[in-house]
Amino acid sequence: MLRAGERASSRTMLRVFAVTALLAVLAVCCAVIALGLGEMRVSAADVVRALVADAGPALETVIVQWRLPRVLLGLVFGLALGLSGAIFQSLTRNPLGSPDVIGFDAGAYSGAVLSIIAVSSTALVIPSALGGGIATALAVYLLAYRRGVHGFRLIVVGIAVTALLGSANTYLLLKANLWTAQMAAVWAAGSLNGLDWGDARNGIAVIAVLLVPLFWLGRRLRMLEMGDDAAAALGVAVEPVRLALVVVGVSLTAVVTALAGPIPFVALVAPQLARRLTRAPGVQLVPSAAMGALLLVSCDAVALNVPPQALPVGLMTIVLGGAYLVWLLVAQSRKEMR
């Protein structure tokens, strides 16, 4: 029995590795294709040559200076959203445990709206969005705390806070002047348009820093999936570790929201699709990150090239998330009818 269990575990690990590698390769291929799309179409071979060799100043300007920051941020932001969704779905043990469902995206949006209305500028959007997301996470955590935080209670409290913040945001926009309301609405659409190398450096640096504690917390996250009592018996400080994971997960999605606006459903969908492909027990962090990167960079490539004009990537991810939820409901109803 032990040898059979070891063989099953080895097969699972091999499948997880193979799926993750395949998703990463597909994400890179989508990124290369995205770099070649636009008003000036460039072949994949010319894109690779512009990235690794001398392809001439005109091609390098279009590919490296103009398009590469957007595509690179699509990959990195998708990775961050996939990781954030995996963290919260693992903590809540619920496929709806996503930062955009629990309300952390709404909190980041509230912080951004307040800063835009207060100073009539986007200069403070990034720190305000980060502060709003983290403050909302702490509020939800404290409201859901009853001798510990349980997944179902966290989701219910998060949905209530999302509704409250949504009403408050609508009220603020109705009271704001037209120019300020338009500025907030454009930011709220969720888009990678206009992001440059400065945004890329800042976003990638912050996300890279957040990956360091997540690497240490990852093993403890798997222990928490076994239950609080089992995790405590294995030496995990349950509540401090859970709170640290909440802060890291919120920070990952808040960085994305601060720079690109709220991009919904990627954090919700990516961990579930990765789990179905790997068929591994529990929520897997690395496959979820690879799936998130693939989803966001491909959605952004489609959104950028939809005629007659480019669309915010947030609209494409809403379509993706809606299609996934419909498919999930149909699959669940068929399972119940059997």
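A residue counts as buried when its relative accessible area is under 20%, as exposed when it is over 50%, and as partly exposed in between. In this predicted model, Arg222 has a relative accessible area of 35%, so it lands in the partly exposed group. Its salt-bridge partner is Glu225, with the closest N and O atoms 3.3 Å apart. Glu225 is partly exposed too, at 22% relative accessibility.

That pair belongs to a short list: searching the whole structure turns up 4 salt bridges. Another one joins Arg49 and Asp46, N to O, at 2.5 Å. Both residues sit in helix 2 (residues 44-52), 3 residues apart, or about one turn of the helix. Arg49 is partly exposed at 37%, and Asp46 is partly exposed at 24%. A further salt bridge links Glu239 to Arg242 at 2.6 Å, N to O. Here helix 11 holds both partners, again 3 residues apart, but Glu239 and Arg242 are buried.

Now for helix 6, which covers residues 125-144. Its 20 residues stretch 28 Å from the first C-alpha to the last, close to the expected 28 Å. Buried residues in helix 6 include Val125, Ala129, Gly132, Thr136 and Tyr141. Looking down the axis, the buried residues of helix 6 fall within an arc of 160°, so they line one face of the helix.

Helix 6 also has a part in a nonpolar patch on the surface, made of Ile134, Leu138, Leu243 and Val247. Together these residues offer about 260 Å² of accessible area. Helix 6 and helix 11 (238-260) each chip in at least two of the patch residues. Ile134, found in helix 6, is partly exposed, at 30% relative accessible area.

Notes:
Residues numbered from 1 in each chain as written. Predicted model: local features only at pLDDT ≥ 70, side-chain atom pairs only at ≥ 80, totals over all residues. Heavy atoms only, no water. Helix = DSSP H or I, 4+ residues; strand = E, 2+ residues; numbered from the N terminus. Expected span 1.5 Å × (residues − 1). Buried < 20%, exposed > 50% of the residue type's maximum accessible area, 1.4 Å probe, protein only. Arc of directions from axis to C-beta. Patch = residues over 30% accessible without salt bridge, like charges linked within 9 Å, V, L, I, M, F, W, Y side chains within 5 Å. Areas by Shrake-Rupley, 256 points an atom, 1.4 Å probe, with all protein chains shown as cover. Salt bridge = Lys/Arg side-chain N within 4 Å of Asp/Glu carboxyl O.
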